[in-house]
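User: I would like to go through this model step by step, with charged side chains as the main topic. Please reason briefly before giving each value or name.

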Amino acid sequence: MEESGSEQLDRLSELPQSLILRILSFLPTRDVISTTLLSKRWENLWTTLPCLNFSDIVIEVDDPVSCIRNFVNRALIFWKGTKLLKFIIEMRGPFDNSSLAGDMDLWVRFAVINKVEELNILLEYDAEALWWDGTVPDSKDVYRAPQCLNSCSSIRKLSLVGCNLRVRESPAWNQLKSLQMDNFSFSERLINRILMGTPRLEVFELRVVESNMNLNIRSTSLKKLKINKYLGFMDDQPSLDSILRICCPNLETLEISGVYYEYHEDVGSNYYDARGTELLGETMRYMFSTFQHVERVALSSSSFQMIGAALKKNLFSPLPNVVFLKVGVDLFEPVEMVHLLEIFPNLKMLVIEDQSYLPRINAEFKTNLTKSFMLQLKIIEIISDFYNSSMFPYVEFLLKHCSMLEKLVVWAKCSTSHSPVRLLEIAERLLRMPRSSPNAEVIFNKK
């Protein structure tokens, strides 16, 4: 668009400077610096940004580390901002700790001195040096953040991936509310020190890479706890020597995946999500017994299979406070599904997601239930590609035994193999199914 003359309108530069800074804060610093070519007004604008984002650093074999070092160092020298809200350093490629450790220390100190509120450090080392389970090389080869980070009282959100800490005593993270540690090497003592120094911590995401290590999570402020643990194997068998203790009375969300633990629990949670493909059924049974205040439960298909044997033996105690259940289904497990629903007598909403990858034969949903067996469900969602007919018996069973059902929503995951005729057949079959609730509405959607 042009004016009456030949000058081109610069509508972007006409925006308020505060809005321009807000827009630029979402871009990597390298791209932000490039905006200096747009106009003279923008020449030094980037130097006052409250966010410095070096997240686009990819170290190639023919790209010397000195180029990365010089670029970041020069950017920090020219920065003249008054407040550093966010500082991001992400590097990927074939590099080792010794080549950048000194500069990394300077960059972290820069963030601490400028009272950073959010700090993200992500270091992805040479992929060929990583083990099959994603863990980093020997801990001595992994970068360790300087101790000055422990005294950063301004920090509110901290994410460390492929980076270790030096914590000799509890850090002074009084304002910290969110902490993520991934590909991290640490001890039980270190975790205890961190929790003692974070009195306002609400979100704690922990990806443990060391096997045979106990975890003791104690916090009165935590609302969300996410734990993923890689395992050590002896003779192709997972180690079962780890003990997990959690005492978080105000916890709202707990997610545990990829873990073998001997379990000890004392929480007041209202949401539990067990997605690990390696959780033992007996361990999960014990875990369930500790969540008497749980309101929402999510189970992957693998977790569902793990507890199958215990479900058949009626070893699970009822959880009357659960009102929401999401469960993944892989194999056709009608008996297990019935026993699972019996655990939650006051369930109001159920989501079943078909997580199978292979076609399965249509099997009958045979159970030994009495005719008086009824569920309190009001809303049901079924997610499936309906490539085979294995999900239809679930739908038929639920419609038959949910006398208070208000809505059944079926999501068909469409693929190239689904013709319009096939989708119409699925919809017609669903609508013809008898239902015990006269007010039940059956809705068919494509996903």
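**Charges and their surroundings**

Analyst: To begin with the surface, Arg109, Arg144, Arg166 and Arg168 gather there in a patch of positive charge. The model is a predicted one.

User: Is arginine 109 buried, partly exposed or exposed, and in which helix is it found?

Analyst: The relative accessible area of arginine 109 is 37%, and partly exposed covers the range between 20% and 50%. Arginine 109 is therefore partly exposed, and the element in which it is found, spanning residues 97-113, is helix 4.

User: How many salt bridges does the model have by the 4 Å rule?

Analyst: The rule asks for a side-chain nitrogen of Lys or Arg within 4 Å of a carboxyl oxygen of Asp or Glu. Counted in this way, the number of salt bridges comes to 5.

User: Which residue meets aspartate 103 in a salt bridge, and how many residues apart are the two?

Analyst: The side chain of aspartate 103 meets that of arginine 69 in a salt bridge, with an N to O distance of 2.5 Å. This pair links distant parts of the chain, since aspartate 103 lies in helix 4 and arginine 69 in helix 3, which spans residues 65-78. The partner is thus arginine 69, and the separation is 34 residues.

User: Which partner in that pair is buried, aspartate 103 or arginine 69?

Analyst: Buried means under 20% relative accessible area. Arginine 69 has a relative accessibility of 22% and so counts as partly exposed. At 12% relative accessibility, the partner that counts as buried is aspartate 103.

User: Leaving out residues up to four places away in sequence, which residues does aspartate 103 touch?

Analyst: Aspartate 103 has its place in helix 4, and its salt-bridge partner is arginine 69. With residues up to four places away in sequence not counted, the residues it touches are Arg69 and Asn73.

User: How far apart are the closest N and O atoms of arginine 156 and glutamate 117, and where in the chain are these residues?

Analyst: Arginine 156 forms a salt bridge with glutamate 117, and their closest N and O atoms are 4.0 Å apart. Arginine 156 is in the loop between strand 3 (118-124) and strand 4 (157-161), whereas glutamate 117 is in the loop between helix 4 and strand 3, so that the pair links parts of the chain 39 residues apart. Arginine 156 counts as partly exposed at 38% relative accessibility, and glutamate 117, with a relative accessible area of 24%, is also partly exposed. The distance asked for is 4.0 Å.

User: Which residues are linked with glutamate 117 in a network of salt bridges?

Analyst: One link is the salt bridge that glutamate 117 forms with arginine 156. The network of salt bridges also takes in a lysine, and the residues linked with Glu117 are Lys83 and Arg156.

User: What is the distance between the closest N and O atoms of arginine 207 and aspartate 182, and which of the two is buried?

Analyst: These two residues sit in different strands, arginine 207 in strand 6 (residues 203-208) and aspartate 182 in strand 5 (residues 178-184), and they are 25 residues apart. Their closest N and O atoms lie 3.5 Å from each other in a salt bridge. Arginine 207 counts as partly exposed at 30% relative accessibility, while the residue that counts as buried, at 13%, is aspartate 182.

User: Which residues are in contact with aspartate 182, leaving aside its neighbours within four places in sequence?

Analyst: Aspartate 182 is found in strand 5, where it forms a salt bridge with arginine 207. Leaving aside neighbours within four places in sequence, its contacts are Leu160, Val161, Gly162 and Arg207.

User: Which residue has a positive phi of about 55° although it is not a glycine, and is it buried or exposed?

Analyst: The residue is found in the loop between helix 4 and strand 3. Its relative accessible area is 54%, and it is therefore exposed. The residue with this positive phi is lysine 115.

User: What percentage of the 447 residues is buried?

Analyst: The secondary structure of the protein comes to 11 helices and 20 strands. Of the 447 residues in the protein, the share that is buried comes to 49%.

Conventions. Residues are numbered from 1 along each chain as its sequence is written. This is a predicted model: local features need pLDDT of at least 70, side-chain atom pairs count only at pLDDT 80 or more; totals for chains, interfaces and linings use all residues. Side-chain values use heavy atoms; hydrogens and water are left out. Patches are made of residues with over 30% relative accessible area and no salt bridge: like charges are joined within 9 Å, nonpolar side chains (Val, Leu, Ile, Met, Phe, Trp, Tyr) within 5 Å. Accessible areas come from the Shrake-Rupley method with a 1.4 Å probe; for residues, only the protein chains shown count as cover. Lys and Arg count as positive and Asp and Glu as negative; His and the chain ends are not counted. The place of a charge is taken as NZ of Lys, CZ of Arg, CG of Asp or CD of Glu. Helices (H or I, at least four residues) and strands (E, at least two) are DSSP runs, numbered from the N terminus. Buried means under 20% relative accessible area, exposed over 50%, partly exposed in between (1.4 Å probe, protein chains only). Contact means heavy atoms within 4.5 Å.
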